[in-house]
Each structure stands twice: as C-alpha cells, then as structure tokens.
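Let's take a walk through this one, starting with a single chain and ending in the core. Have the viewer open as you read.

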There are 2 protein chains.
Amino acid sequence: METRELRYFVAVAEELHFGRAAQRLGIAQPPLSRAIRQLERRLGVALLERTSRAVSLTEAGSVLLREGRAALDAVDAADRRTRRAALAATGQPGLVLVTKAGASSELLSKLLEAYAAEPDSVTVDVLLCGIGEQERLLRDGRADVALLHRPFDSTAGFDTEELCTEGQVVVLPAGHPLTGQPRLRMADVAALPGLPRPRWPATDGTYPEGPGPQARDNTQLFQLIALGRASAVLPESCRANLRSDLAAVPLLDAPTVTTVIAWPPHSRSQALAGLVRSATNV
Amino acid sequence: METRELRYFVAVAEELHFGRAAQRLGIAQPPLSRAIRQLERRLGVALLERTSRAVSLTEAGSVLLREGRAALDAVDAADRRTRRAALAATGQPGLVLVTKAGASSELLSKLLEAYAAEPDSVTVDVLLCGIGEQERLLRDGRADVALLHRPFDSTAGFDTEELCTEGQVVVLPAGHPLTGQPRLRMADVAALPGLPRPRWPATDGTYPEGPGPQARDNTQLFQLIALGRASAVLPESCRANLRSDLAAVPLLDAPTVTTVIAWPPHSRSQALAGLVRSATNV
DNA sequence: GGGCAGCGATACCTGCTGGGTATCGACCCA
DNA sequence: TGGGTCGATACCCAGCAGGTATCGCTGCCC
C-alpha cells in the first residue's frame with residue numbers, strides 16, 4: 001500500500017464526497033475514483049458504500065481510516081525527524097516541546113529553567129497549542145515532547161513520566177455568592193444557574209451540540225467567566241495566573257489531574273533524555 | 001514520501017550494500033541507486049556516505065532507518081487490520097494473541113478459559129513466538145494483543161494493563177550443590193563456575209559476543225541446564241513445567257517480573273476490550 | 001412527470017517516471 | 001598493472017498517474 005493511496009482514501013473517507021476530496025487533494029475526480037477502486041481491489045475489501053447520491057464508510061473502511069491516519073502520521077514523522085536530525089548535525093539541535101496554552105505554566109518555566117542549567121542542554125522551542133492538538137503534533141514529528149494532562153489527554157502510544165498531581169478548582173466571577181465558601185463539592189457546581197460549562201471544539205474544529213457558550217482558549221474562557229456567562233473546572237495551578245475579576249474555589253471531590261511528560265517511543269535523542277531527566281527531578 | 005521509497009531505503013540501510021539490497025527487493029541496482037538519490041534530494045538530507053567500497057549511514061540516515069521501520073510497520077498494520085475487519089464482518093472475527101513460547105502458560109490458559117466463558121467472546125488464536133518478536137507482531141498488525149514481561153519486553157507505544165507480578169528463581173541441574181538451599185541471592189549465582197547464562201539471539205537473529213552457550217528457546221535452554229552447561233534466572237511460574245532433572249531456587253533480590261497484557265493504542269475492537277476485561281479479572 | 005442538477009463511473013489520451021540493460025569510473029587486491 | 005567489486009551514469013521502454021470529455025443514475029423541484 002502506497003502513502004499516496006492512503007492519503008487519497010483518508011481524504012475521501014473524511015469528506016465522504018469524491019469531488020470535494022479531489023479538490024482538497026489538488027487532483028481531478030476521475031483519477032481519485034479509480035485510485036480508490038484499485039485500492040479496494042488490491043485489498044480485496046469494500047471500503048466505501050456508494051450510491052449515486054451519498055458515500056459512506058463500511059466497517060473495514062473505518063478501520064482503514066483510523067489505521068491509515070496513524071500510518072500517515074508515522075510517515076510524516078519519519079520525514080520531519082530525519083530533516084531535523086540533519087539540521088541537528090549542522091549545529092541547530094534543539095527540542096520542540098508542546099503543551100496546551102495556559103496550562104502548567106509555572107511547572108513549565110521551572111522545567112525549562114532546570115533543564116537550561118544542565119551542562120549539555122540544547123535550546124527548547126515551546127509550542128503552545130489548542131485542546132487535543134498535542135498528541136497529533138507529537139505523533140507526526142512536529143514536536144519532540146509534550147506536557148499532557150491526564151485524564152483529559154490521551155497518552156496512548158507514548159512513553160510518559162508523571163510529573164505532578166493536583167486537585168481541581170471551580171473558577172467563578174469574583175463576587176459570585178459561592179466564592180465565599182472555603183471549599184465546594186462537584187454537586188454544588190454541577191448546574192450553576194446561568195453559569196454553564198463552555199463547549200470546547202473537537203479535534204476537527206467543530207463544537208459539540210448542547211448548551212453553554214463556545215470557547216477556543218483560556219483567554220476566551222476567562223472573559224466569558226468574568227462576563228458572568230460561564231464557569232469552569234480547572235486544575236489548581238490555573239490560580240497562579242487568574243485575572244483579578246475571577247475567583248477560584250477548591251473542589252473536594254473533583255478527579256485529580258496528573259501532568260505527565262510524554263514522548264514518542266523508541267526515541268533515541270539524548271537531548272530528549274536529558275530533558276526528561278530534568279523534568280522528573282523538578 | 002512514498003512507502004516504496006521507505007522500503008528501498010530500509011533495505012539499503014540494513015544491507016549497507018546497494019547490490020544485495022536490490023536483490024532483496026527484486027529489482028536491479030541502478031533504479032535503486034537512483035531512488036535513494038532522489039529521496040535524499042527531496043529530503044534535502046544526506047542519508048548515506050558512499051565510497052566506492054563501502055556504504056555507511058549518516059546520523060540522519062539512522063534516524064530515518066528507525067522511523068522508517070516504524071512507519072512501514074504502521075502501514076502494514078493498516079493493511080492487515082483492514083483485511084481482518086472485512087473478514088470479521090463476514091463471520092470470522094477472532095483475535096490473535098501472541099506471547100513468548102513457554103512463558104506464563106498457566107496464566108494464559110486461565111485467561112483463555114475465563115474469556116471463553118464470557119457471553120459474547122470470539123475465538124482467540126494463540127501465536128507463540130521467540131524472544132523479542134512480540135512487539136513487532138503487535139506493531140505491524142499480525143497480532144491484536146500480547147502478553148509481555150516487564151522489564152524484558154518493551155511496552156513502548158502500547159496500551160497495557162498489569163496482570164501479575166512474580167519473583168524470579170535460578171534454574172539449575174537437579175543435584176547441583178546450591179539446590180539444597182531454601183533461597184539464594186543474586187550474588188550467589190552471579191558467576192557459577194561452569195554454569196554461565198546462555199546467550200539469546202537479538203532481533204536480527206545473531207547472537208551477542210561473550211561466554212555462555214547459545215539458546216534459541218526454552219527447550220534448548222532446559223536441555224543445556226540439564227547437561228550442566230548453563231544456568232538461568234527465570235520467573236517463578238516456570239517451575240510449573242520444569243523437567244524433573246532440573247531444580248529451581250528462589251532468588252530474594254532478583255528484579256520482579258510483571259506480566260502485562262498489551263495492545264495497540266487507538267484500537268476500537270470490542271472483542272479486544274472484552275479480552276482485556278477478562279484478563280484483568282483473572 | 002419531465003427537465004435539471006449533482007455525483008460517481010467510464011473512456012480515452014498523454015507525459016512522467018519507475019524499472020530494465022549496458023557501461024563507466026573509482027578503488028582494492030593480487 | 002590487470003581483474004574484480006561496487007556504485008553512478010546513460011539511455012530506452014512501458015505502465016500508470018493524472019487530465020478532459022462524457023455517460024448514467026438519482027433525487028428534486030417547477
């Protein structure tokens with residue numbers, strides 16, 4: 001199976017429309033149809049159900065969509081990591097660390113400081129990204145290492161070390177009646193009248209259905225809370241950089257959040273090993 | 001980057017010889033040379049150092065060898081899992097479980113029995129393989145799930161659940177003086193005169209340098225021990241099927257061995273989920 | 001109900017490129 | 001110094017990826 005065929009199939013499987021997929025791929029529709037047919041013939045498997053009005057995935061097709069994406073990411077990673085290895089050899093080593101914007105910033109700065117103090121440390125570029133993008137970046141080689149937060153982020157397929165565990169707090173507008181409490185329970189904040197939890201975009205950029213305002217990052221989220229339009233349950237460490245018009249109250253029975261440092265398995269970079277070592281000692 | 005190019009590069013990187021690599025790939029040498037050059041040009045990276053007498057890997061080349069193998073395994077896995085999904089739809093679901101021949105046989109039979117008793121269980125094919133082959137089989141889709149033994153097997157890149165932990169024993173010929181002891185320490189068996197640890201083949205089938213006889217599987221190993229030519233440190237559970245001419249003595253300070261059940265991440269099969277559930281309840 | 005619009009499949013052509021053979025040029029060794 | 005080994009180069013051919021034109025089916029709407 002060639003990566004070209006995989007790319008074609010993934011495009012069609014995502015669009016469920018040969019014309020749009022072809023456009024996205026920058027080719028005409030007929031060669032795309034033919035390539036998919038040929039892929040199906042060679043696999044001996046029907047991947048798509050076509051009527052002349054709609055295209056849908058078969059069971060096998062959805063398996064190939066999932067596995068094919070992973071395989072394409074692995075190929076991309078091979079490409080990028082090879083290029084970076086060549087750069088590193090000519091004097092620009094460096095690591096790319098990715099984490100969610102606004103999370104664990106204190107831990108992150110301590111980590112970077114500790115690592116920079118190591119004898120043979122390399123430059124670390126920090127990449128801040130949105131919700132759920134980190135796994136992708138790590139998988140396809142755009143990043144070397146990530147800070148993830150269990151149980152929110154999936155650590156499937158990566159090597160990890162736990163860095164720290166913390167409780168969660170509910171973030172409310174300053175002056176909200178509940179901010180007088182020293183601590184709260186989940187039940188107390190499950191359905192605050194007028195303060196729903198916001199909706200985060202899924203990996204494809206669309207928002208789930210339901211109540212609550214849409215938020216794309218922490219800035220938007222905090223503004224919504226300050227406006228009295230939302231509330232949020234976040235790790236304790238967010239208190240460090242909370243705006244003055246917000247207040248946080250500890251939640252006794254919220255699930256704890258574990259920050260882990262994660263990297264692709266079978267990674268041989270000794271710069272990465274050094275960073276992980278520094279991280280576990282912080 | 002196309003999988004064809006990756007396959008070509010991996011072949012050359014493994015053989016370090018264009019002619020042999022071309023033969024292995026079933027093509028002539030000139031197109032192979034050209035393909036590799038083209039790959040280097042497109043990546044903008046030198047992958048191989050050629051003199052007219054020898055070929056060697058650059059730093060970037062060895063990165064691409066490692067990453068390329070992983071990517072090719074992922075592509076193979078996509079292929080195999082898609083075919084199997086199609087088979088499953090037409091009535092032959094089934095899981096393939098892989099484990100080291102001769103290890104955890106009691107645990108394995110209990111596990112299979114417990115799972116078979118579940119209401120909607122599917123057939124489980126058991127694949128017994130040699131040392132270190134399991135990760136490969138799991139990664140390239142020939143197996144769905146594996147029993148691995150930490151710290152010997154790498155669980156990098158897989159999801160795992162711990163099943164059980166056990167101590168280790170030293171296996172000696174029956175009648176050896178030390179077999180009279182109720183328990184021993186590592187230091188006692190570190191260098192038994194005339195009874196060295198055997199050498200196991202590496203993943204490429206070659207044996208490491210050093211003293212000790214060569215063994216390929218447990219049968220050979222046990223025979224060597226019975227002949228008074230070797231000794232071995234193995235998990236306790238091996239006592240269950242020890243030959244009568246061998247004896248095992250517990251080691252107090254040997255590292256414990258954890259048997260884990262492992263499967264590829266982002267695997268959605270509910271048959272697999274059922275097997276893992278059964279396993280953790282055993 | 002018939003015309004129309006949307007969509008995938010088919011037919012057919014063309015040019016790129018992957019693969020083949022022949023040969024060269026460098027290097028080691030006898 | 002000549003033969004043997006090995007990768008690179010030159011050149012040719014065929015297969016196939018990709019393009020255009022068009023067909024056939026189907027749901028929709030006046």
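What follows covers chain A, its contact with chain B, a helix pair and the main nonpolar core.

## Chain A at a glance

Keep in mind that this is a predicted model. Chain A has 282 residues, and 34% of them are buried. Its secondary structure comes to nine helices and 10 strands.

Measure along the principal axes and the C-alpha trace of chain A spans about 65 × 55 × 25 Å. As for how the chain folds back on itself, take the contacts in chain A between residues at least 6 apart in sequence: 71% of these join residues at least 24 apart.

## Where the chains touch

How many residues does each chain bring to the contact? Chain A puts in 33 residues, and chain B puts in 33 residues too. On the chain A side, the elements giving two or more residues are helix 1 (3-15) and helix 4 (59-89). Helix 4 of chain A gives the most, with 20 residues.

Sorted by class, the side of chain A that touches chain B has 17 nonpolar, six polar and 10 charged residues.

## A helix pair in chain B

Now hop over to chain B and look at helix 1 (residues 3-15) and helix 2 (residues 18-25). Their axes come within 8 Å and cross at roughly 130°, which makes helix 1 of chain B oblique to helix 2 of chain B. The crossing is right-handed.

Which residues do the touching here? From helix 1 of chain B come B:Y8, B:A11, B:V12 and B:E15, and they meet B:F18, B:R20, B:A21, B:R24 and B:L25 of helix 2 of chain B. By class, this helix contact has six nonpolar residues, three charged and no polar ones.

## The core

The largest nonpolar core has 54 residues. Who has the most contacts inside this core? That would be A:F9, A:A71 and A:A74, along with B:F9, B:A71 and B:A74. Both chains feed this core: helix 1, helix 2 (18-25), helix 3 (29-43) and helix 4 of chain A each give two or more residues, and so do helix 1, helix 2, helix 3 (29-43) and helix 4 (59-89) of chain B. As a general point, nonpolar side chains tend to be buried together in soluble globular proteins.

For a close-up, pick B:A71. Leaving out residues up to four places away in sequence, B:A71 touches A:A71, A:A74, A:V75 and A:A78 from chain A, plus B:L6 from chain B.

Key. Residues are numbered from 1 along each chain as its sequence is written. Chains are lettered from A and ligands numbered from 1 in the order in which they are written. This is a predicted model: local features need pLDDT of at least 70, side-chain atom pairs count only at pLDDT 80 or more; totals for chains, interfaces and linings use all residues. Two residues are in contact if their C-beta atoms, placed from the backbone, lie within 7 Å. Helices (H or I, at least four residues) and strands (E, at least two) are DSSP runs, numbered from the N terminus. Ala, Val, Leu, Ile, Met, Phe, Trp, Tyr, Cys and Pro count as nonpolar, Asp, Glu, Lys and Arg as charged, and the others, Gly among them, as polar. Axes are lines fitted to C-alpha atoms, for helices over the stretch in contact, and angles run from 0 to 180 degrees between N-to-C directions. Angles under 35 degrees count as roughly parallel, over 145 as roughly antiparallel, 65 to 115 as roughly perpendicular and the rest as oblique. A crossing is left-handed if the near helix is turned anticlockwise from the far one by less than a right angle, and right-handed if clockwise. A nonpolar core is a set of buried Ala, Val, Leu, Ile, Met, Phe, Trp, Tyr and Cys residues joined through C-beta atoms within 7 Å. A residue is buried if 20 or more other C-beta atoms lie within 10 Å of its own, exposed if 12 or fewer, and partly exposed in between; C-beta atoms are placed from the backbone.
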